[in-house]
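This report looks at one pocket and one sheet of a single model. The sequence and structure come before the discussion.

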Amino acid sequence: MTIQENYSLKSHNTFGVDVTAKYFVEVNSNDELVEVLKYYNTLHPISIGTSNSAISKLFLGGGSNVLFTKDFDGLVIQLNVKGISEKVLNENEVLVTAHAGENWHEFVQFCLNKDYGGLENLSLIPGNVGTSPMQNIGAYGTEIKDTFVSCKVLNLETLENEEFDHEKCSFGYRDSIFKQEGRGKYVILDVTFKLTTKNHAIKTEYGAIKNELEKMGIVNPTIQDVSQAVIHIRESKLPDPKVIGNAGSFFKNPTIPLIQFLEVQKIYPEMPHYPSGDLVKVPAGWLIEQCGWKGRQIGNVASHELQALVIVNKTGSATGKEIFDFSSMIIESVKEKFGIELEREVNII
């Protein structure tokens, strides 16, 4: 275990932005993580949460939900702790625990190979298991909170382990305690899910899953079929970060008050929407496309030609600031046209 200095993070973020970390270390066990933090805190004895960037700490998983706009003047810790364990609860339920460094899609496939249901709609989402509860990742009618049981975290002030149950995590739409009052105070070590072993709840009503299953000639889908359909859909619409730098969906789908939606709908009656009580969710991709951004390129950055919600490092040499500025222009144009303000889903560093 070696702390490296002036380390390039280009290969550690899916945008492929070339920035440097003042210090960088990869940890392969929870004990190594504590050891690094104790050592670093000895060198920089300033309390957690300080604004002094010289001792800032950043924990990286797969680097799929982060945009670096400048060099990081602190310690970047790559969490590479891996391992999966199982505990049978009854004839239809099992608890599956994965360490933070496990690749999310590979973990989902592990569960599907065991015929464990509940995560199939979340196939092919980039990133690692450890970051999945932070923003309550979701897709095609499913979110982490639907199967989440608990996660073990390291308190960065006490360096003691704590356990967060479902309630304590305060999950919201692409949100959790780890993005709010717990931000920067904890690092997730492992996550436990409750999955089904027999009576699976198949979810095919959201998005294009039904149509994709029909194309596949499947009438009575298994959880494996649903996963394959989701993979086909995502691969057809979303660019591979290994080919062209991106972080998947850059913006959250905005949720607006019903009264506001009805006013906007008078002008744009064709606007797709998903009502939920007094609130209505509107697809950010549709809003962005209506503003003429789909496929548009400015300098090194573009909105993807197949999915306007995805911003790409088109030339491979974009800076984080270029990407951020491009996203700001999108936010401004959507607000001007629809009166709706988009929120970035990607973490800005």
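What follows describes a predicted model, beginning with the pocket and ending with the sheet.

**Pocket**

The second largest pocket holds about 980 Å³ of space. Its lining counts 38 residues, and those closest to the centre are Thr 14, Asn 103, Pro 126, Pro 241 and Lys 242. By residue class, the lining of this pocket divides into 10 nonpolar, 20 polar and eight charged residues. Five elements, β5 (72-79), α2 (104-113), α5 (223-237), β13 (245-249) and β19 (310-313), each supply at least two residues of that lining. The largest share, three residues, comes from β13.

**Sheet**

An open sheet is formed by three strands in the order β14-β16-β15, with antiparallel pairing. Which strands stand at the edges of this sheet? They are β14 and β15; each has a single partner strand, so one side of each is left without a neighbour in the sheet. On average, neighbouring strands here are turned by 30 degrees against each other, direction ignored.

The residue ranges of the sheet strands and of the helix that lies across two of them are as follows.

| Element | Residues |
|---|---|
| β14 | 255-257 |
| α6 | 258-267 |
| β15 | 274-276 |
| β16 | 279-281 |

Strands β15 and β16 run antiparallel and are joined by three bridges. One bridge partner pair is Ser 276 with Leu 279, the latter in β16. Helix α6 lies across β14 and β16, and runs at about 95 degrees to β14.

Methods:
Residues are numbered from 1 along each chain as its sequence is written. This is a predicted model: local features need pLDDT of at least 70, side-chain atom pairs count only at pLDDT 80 or more; totals for chains, interfaces and linings use all residues. Side-chain values use heavy atoms; hydrogens and water are left out. On a 1 Å grid over the protein atoms alone, a cavity is a set of points where a 1.4 Å probe fits but cannot get out, and a pocket is an open set with protein on both sides within 12 Å along at least five of seven lines; lining residues have an atom within 4 Å of a point. Grid points are joined across faces, edges and corners, and a volume is the space filled by probe spheres set on the points. Helices (H or I, at least four residues) and strands (E, at least two) are DSSP runs, numbered from the N terminus. Ala, Val, Leu, Ile, Met, Phe, Trp, Tyr, Cys and Pro count as nonpolar, Asp, Glu, Lys and Arg as charged, and the others, Gly among them, as polar. Two strands pair if DSSP finds at least two bridges between them. Axes are lines fitted to C-alpha atoms, for helices over the stretch in contact, and angles run from 0 to 180 degrees between N-to-C directions. Contact means heavy atoms within 4.5 Å.
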